Amino acid sequence: MFHDVEERAQTKEYPRLSRPPQSMRPEYDVVVVGSGYGGGVAASRMARAGKKVAILELGAERWPGEYPSSFTEVTPELHYSSASGSHGRRTGLYHVIEGEGQNVLVANGLGGTSLINANVFLRSDHRTLELPEWSEHIRSSPELLDQYYARAEHMLQPTPYPHTLPIPQKLAVFEAQAKAIGQHSNFYRVPQTTFFHDGLNNAGVEVKASTGSGQDLSGINDGSKNSVLMTYLPDAWNHGAEIFCECEVRYIRKAPDGNGYLVFFAHHGDRTEAFKDTFYNQLTWIRAKEFVFLGAGAIGTTEILLRSQLHGLSMSPMVGQKISGNGDLLSFGYNCNKNVNGIGREKCPPSGQSCGPTITSVIDMRGTKASPSTMDGYVIQEGAIPEALAHVIESLLDRCPNKVYPVRYKWYRKVTARLKTLIFGPYAIGSSLNRTQSYLVMSHDSNEGIMTLEDDKPKLQFLGVERKEHIRHIQNILARMTHSNGGTLINADPETTVHPLGGARMSSGGTGRTGAVNHLGQLFTGDGEDVYDGIVAVDGSIIPTALGVNPLATITALAERSCDILIKQKGWKVHETPNGRLNLLDKPAKSLALRSKGLEVTAAFDTDEKSDGIRFTEIMEGFFHVGDDIEDFAIAEKVAQGSASSARLFLSVDIASVEDLTSVSVYAAVATGTFSCGALSQDPLLITRGRVQFFALDDTLSDGAKLAYRLTLLDTRGETYLLEGQKNIDSGIAFSASEIWKATTTLYTTLKRADGTVVGKGILRLSWRNFASELRTLRPYEQNSLPQKLLAPARFVSFFARNTVSYFLSPFRPLEYPDTSKSGYFKKVAPTLITLTAKDGVQTTMKIWEPKQGTTLHPMPILLIPGASVDDQIFSCPTIPTNAVDFFTSLGYRCYIPVMRFGIDPNAKDGWTCYDTRWDIKAAMEYVREQEGGRKFYAIVHCLGSITTSIALLTGVVKAEWMAGMTVSQVFCDLRFSKDNGFKASHPALVKGYKAIAGDWFSCHSSPTSPWAQFLIDQILRFYPIGPNYELCNSSICHRCTLVFGRCFTHANLNHATHQHLASYFSGIHLNFLTHLMTMGAKQPHHVRSNLNTSPLGPSSSSSSLDDDADFRDLVEEDGNLERLKGLKIQFLSGGDNVVFDPLSTATSYNMLRETFGEEGYERVVVGGYGHLDTWMGKDSLRDVYLRVRGFIEQVELPLDSYLMGNLTELCRVRLLLESVSQNSGKI
C-alpha cells in the first residue's frame, strides 16, 4: 500500500485484487455473489477452509484515491432505476432505486455498500433479536450471537472518535443538542470502522489515519476506512479466492447433472451493454460444486432469487416479501445559529478544521428507559453532506415541503447567512450551509415492503411501511434539537433508505411458510422444511425485521455465524494463522493452479512489457444443423433454418498486444464467451479456451487468409466440444464492397465432440446492428498509456483494413515468385528411377513406386502419363496428404510414371511435338510390359499425355490390347479448347510476337530481376481475365501458366502449399510444341494430327525418316486408325469447370467411340467444381476423383484366376526387375 493519497495518485498504481473474467474457471467449490459484509465473510471463511472460491461482484474495483469526490465525478457513477427502466451505468458506484413510498440507495463496487456507508458498528440490542420475527435459534438465545459480533469486531476493528483529537464542530453541536432535549445520558461516540492512526489492520493491510474529510458517503480517499475491501476481501484473496468484478448475476439453477449449482451472469466489463437487445439473453455461467453464497444485498439477492424462481428454482412464496427500510429517516437542521461545519471536503481546509468522519456520535434511544416498547426504539446520529452535493444541496432543501420553523425565527439573520452561501460558497463561516446539521435516524417500521419482477425488472413497493405516529414522535424530537440551535427542521422528501433489509427473510417457524431461508440463510425449496443445502443468503436480505440501528454489525455477525456452523457441519478445517503484512501489489500467499487459458489471459493483462492491448465483443447469429449427415455449410444452414435451429456466438476477444498481432503471423487473440444453440443444449455452452487468429494463413486455401476461431466449449452437463469456425478472405472480394462485408461477417462453423466426431455445422453472421454495437465495445486496455489508448485501436483498425483492402485490390498485391523451400511437403516414399530410350534416340526418365508394404499385390500395374511442362508430381504431388500414387500403391498397385520429353525435362527445350512424343509412349509401355511379363496394364493419361497416347494408338505405335483399360483425363483425340484458349489458338500472331521478343522458350518461372520483357509480362498478367474474382491470385507462376495453357485449376480445390510450390510442378513450353498444339485445336474438326514440318531436327532427321509425314494428317479420320481403339475400355474424365480444354473434348470422343463400337466399355465422368490439373492435385481429389477412377479399374481388372497365377511368379519377377534397374537407378 502507499503512504499517502498523493503518492498513489501520482503513480496511478493501485492494487487490483480482481481478475479479468476471461480467466474465470468454469467450476469452483464455492461461488460468492456480491462482496459486501456478508459476501466478504463467506469468501474469507471458505477460502481459509481450503475451498476454491470465486467472488462475483457487479461493481468495479476501486481503491482509496479512485473514488469520485466532486459533483462532476459522481454524476457518471450514478445509476437510477425504477420499474419503468433505468438510467446511467449499471455498474455505477451509486445505485438509486425508485420505489413506491420509499427509495433505496445502495452501492456497487468491490466491497459493496461498505465503500459508501458511515462505518458505524453498533450491535443490535437483545430486545430486537428477541422479536417473534426471528428464528427460534436466534430469539431464544440472542446472547449466542455475541461471539460472532466479537469475530466481526476483530476483523473490522471499530473504535470511537478519539478524545485526543480535536472535536469536530458538528460533534460538539450534536452533543449540545442532546443536552437540550434531556438525552445526554443516551449520547456517546459511536464505534466506527475508521482508523485514526497509521498501521496494519488485522487482515494485514496498511490503513492510514483519518483526515476527517467527511467523505464517507461518496467514498473515502484517505485510506482510513476499514471496509470489506480492506479486510475480508484481501484475506480471501490471500488464501486463494479469485475475484471478478462487473459480473451481474441474474439467476441460479441446479446443475442438470446434479453436481452443484449453476450461476448465470452477464459481464459488463467489455462494454457489452452496447448489445442492448441481447445483452441479458446471452449469459455466461459458472458452477458452484458445494455452495453459492448470496451477498448481493437485500435488493440484489432478492432480485436474483425472484428471477431464479422464474427460471425453475422452486422456493418459498415468502421471497420478495416483508422488506424493511430499517425505519431510516433523513433530516436536516438548516441554517442554525452555530457553525456546524458539516460538509465534507476532499482536501483539508486552510483553517485546518476538518469536518470529521461522517458520523461520530449517537443519541441511542433503544434502552428500556428511553423506549419501553422495543418497536419504539431508535437512534439519531449526526452526519455530513459529501462535497459532491455541497453546491446543490441548498436548492434541494428549498424544494422539500416539510419544513418546521422555530418559534422565534430571526429571518434577517437567516437571509444574511443564505447570502453568504450564495456569495462565498457552502464552506464560508456563518453561511447557511455551514450552519446546517444532518440527522440520520434508524428506527422500526412495519416491514411490509415487497419486491416483484415486472418485465424482468424489479419493482419495489413500501406502501404502508411507515408507522406514522412513531415517525411524528421522532420528527418532533429532531425539531426540538434543531430549534435549540435556532435552525429550521427539513425532513427529506421523498424518503430514502440506505439500509434495506429482508426480501429473503429468516423464517420464524422453521419452514418456508414464514420465511424464505432458515436460521443459517439456506434457501427453502418451498413452504416446507426442506432447504437447498448449498444456496445460502448471508446479507441483509435474511434479516426479518428492522433493527433500529445501523445493520452492518448484525449482517457481519450473522454471516460469521452461518459460515462457522456450515464449516463445522462439513467437518472442514479452517486455517486461522494471521496473514502478516500483505503487499496487495504482489501475489497472494496462495493461488489456484492456472488453467492454460487463464495463464494466457493473466499474461495478457498483467504484462509489463506490452501495454498496447485492446478488446472487443461481437455477436454472430445464424442457423446450426445438429447432425453429421451434411457436409456442405450452405445446405446445413438451410436445413437448420427450416427446423428453426438457431444459434448465437457471444464472443469477447482480447488482443494483448496490437504490435504482436501485426508482426507475428501466428499470433492468436484470447476469446471468451458462450455459444448457444437450443437444439444442442437448453443452456449456453461456455467457452473455456478460445483463440482467434486474424488473417492467418489458411493451409486449405490456395491463395487467401482466414479469421480462424478455435473454441473449446463446455456444456452444463460437463460435456466438452470443439467449435472450429472461419471467415474466408480471398480474391473473391475484389472490387466488391458487398463481398467484403460478406467475407468478414460470415463464420462457417463446425462443432465436434472431444473424440473428433462431428456434432453439426452451420453459418453464423454478423448483422449491421451487432456490428455497430461491436464498434462501441472496441477499447484499449486500462493499463495502456494515453498515447497507446489512442493508437492501439487505430492500429488494429488499420491492420484489419489493410489486410482486407489487399484482397479488395487483389491484382495490385505484391507478386509471389518461385518458392524453393519444402514448406508444406508431406513425407512421401521415394521412387526408383530408370532411363528410357525412345525409338528416335531421345532419352527420358521413368519413376516406379512399389505397393506399400503389407498390402496385397495386384498383378495389374498402373501406368500414369502426365502432360506437358509437368512431370510425375501431378500424380505424386508432395503437398497433399494422399496423392494418386499414394492411393493406388496403398491398394497394392505398382505405379509407373514416365516423364515425357515435353515435360519437366531438358529435352523440352528442343521443341518436340505431341506427335514426336508418341515414341516416348511406346518406350514406356514396352518397358512396363517387359517388367510385368507381358501382362496387361491400366493406363491413366492426362492432358497432353492423353493426346500423345491417342496419337500413339491411332498410328499403331502402341496397341490397345496391351492395356486392360484406360482413364483419359480432360482430353483424348478431340481438342476442344476453352473460349480463351480458342481465341489464342485462332490468333497465331500472339505466339509469333512473343517469339520475336523473347525467343522460342516460354518459361513459367520469373523473378523480380527477370529481363524487362518478362517483367512487363508479369505486370500485365495481373489483370489477365482468368474467370471470376475468386480465381484471382498473386502468383507469377500461376499467371504465366494461365497465359500459355489456360487456367489449370479451380483455385478453391488447391491447398496453400500446392499453390505456393507451383514452380516445382511447371517448367515451361517450347513455342514449336505450342504452335502444333494450337493448330490442331484450331483446325476443324479439332482432331489430333501429325506434324507441321516443325520437328526440331528437320526433314533429314531420324525423326523425319521414321515419320515420313509432314502433311498434318488428321489421325482420327485416316482410314483404319480408329479401328485400332476397338475393344479398349476407356473412362473419360473431365473437370466440370475446365477452362483449358472444354469438357466437350471428352464428350465428343466418348460419343464417337460409342457410336463406332457400341456403348459397352465406356464411361464418362464429369467432376463438378473441378478444373484441369486440380482433378489430380486437389486437396479433395481422393474423395472426388481417385475413388471414381478406382471403380472403373475394378471393372476391367484381370479375373481372379489370372490374379492368383500371377502371384505364383511374383517374387521371381520382382527380383529380376530390381536386378535389371539396379545399375542405372537412384533414389529421390
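**Figure 1. What kinds of residues line the largest cavity?** Eleven nonpolar, ten polar and three charged residues make up the lining of the largest cavity. Keep in mind as you look around that this is a predicted model. The lining counts 24 residues, and those nearest the centre of the cavity are F265, H267, T284, T672 and G673. The space inside comes to about 300 Å³. Looking for other cavities too? The structure holds eight of 30 Å³ or more.

**Figure 2. Strands and domains around the largest cavity.** Here we follow the lining back to the parts of the chain that supply it. Five elements each give two or more residues to the lining of the largest cavity: β14 (261–267), β15 (284–294), β28 (646–655), β29 (669–677) and β30 (685–697). Two domains each contribute at least three residues to this lining, namely domain 1 (29–161 + 220–325 + 503–570) and domain 3 (611–812).

**Figure 3. An open sheet of three strands.** Reading across this sheet, you meet the strands in the order β7-β22-β21, and their pairing is mixed. The edges belong to β7 (99–100) and β21 (450–454); each has a single partner strand, so one side of each has no neighbour in the sheet. Strand β21 runs antiparallel to β22 (residues 457–461), and five bridges join the two. To find one matching pair, look for I450, which stands opposite Q461 in β22. Helix α9 (residues 297–310) packs on the sheet, where it touches β21 and β22, and its direction makes about 50° with that of β21.

**Figure 4. An open sheet of eight strands.** The order in this sheet is β36-β37-β39-β38-β40-β41-β44-β45, again with mixed pairing. Why is one side of β36 (832–837) and of β45 (1162–1167) left without a neighbour in the sheet? Both strands stand at the edges, and each has a single partner strand, so nothing in the sheet sits beside the other side. On average, neighbouring strands of this sheet are turned by 20° against each other, direction ignored.

**Figure 5. A parallel pair and two helices on the sheet of eight strands.** Strands in a sheet pair through backbone hydrogen bonds, in either a parallel or an antiparallel way. Strands β40 (residues 937–942) and β41 (residues 963–969) pair in the parallel sense, over six bridges. Within this pair, Y938 has G965 in β41 as its bridge partner. Helix α22 (residues 944–954) lies across β38 (862–865), β40 and β41, and runs at about 125° to β40. Helix α31 (residues 1144–1157) lies across β44 (1130–1135) and β45, at about 165° to β45.

Conventions:
Residues are numbered from 1 along each chain as its sequence is written. This is a predicted model: local features need pLDDT of at least 70, side-chain atom pairs count only at pLDDT 80 or more; totals for chains, interfaces and linings use all residues. Side-chain values use heavy atoms; hydrogens and water are left out. Two strands pair if DSSP finds at least two bridges between them. Helices (H or I, at least four residues) and strands (E, at least two) are DSSP runs, numbered from the N terminus. Contact means heavy atoms within 4.5 Å. Axes are lines fitted to C-alpha atoms, for helices over the stretch in contact, and angles run from 0 to 180 degrees between N-to-C directions. On a 1 Å grid over the protein atoms alone, a cavity is a set of points where a 1.4 Å probe fits but cannot get out, and a pocket is an open set with protein on both sides within 12 Å along at least five of seven lines; lining residues have an atom within 4 Å of a point. Grid points are joined across faces, edges and corners, and a volume is the space filled by probe spheres set on the points. Ala, Val, Leu, Ile, Met, Phe, Trp, Tyr, Cys and Pro count as nonpolar, Asp, Glu, Lys and Arg as charged, and the others, Gly among them, as polar. Domain bounds come from an automatic or database domain assignment.
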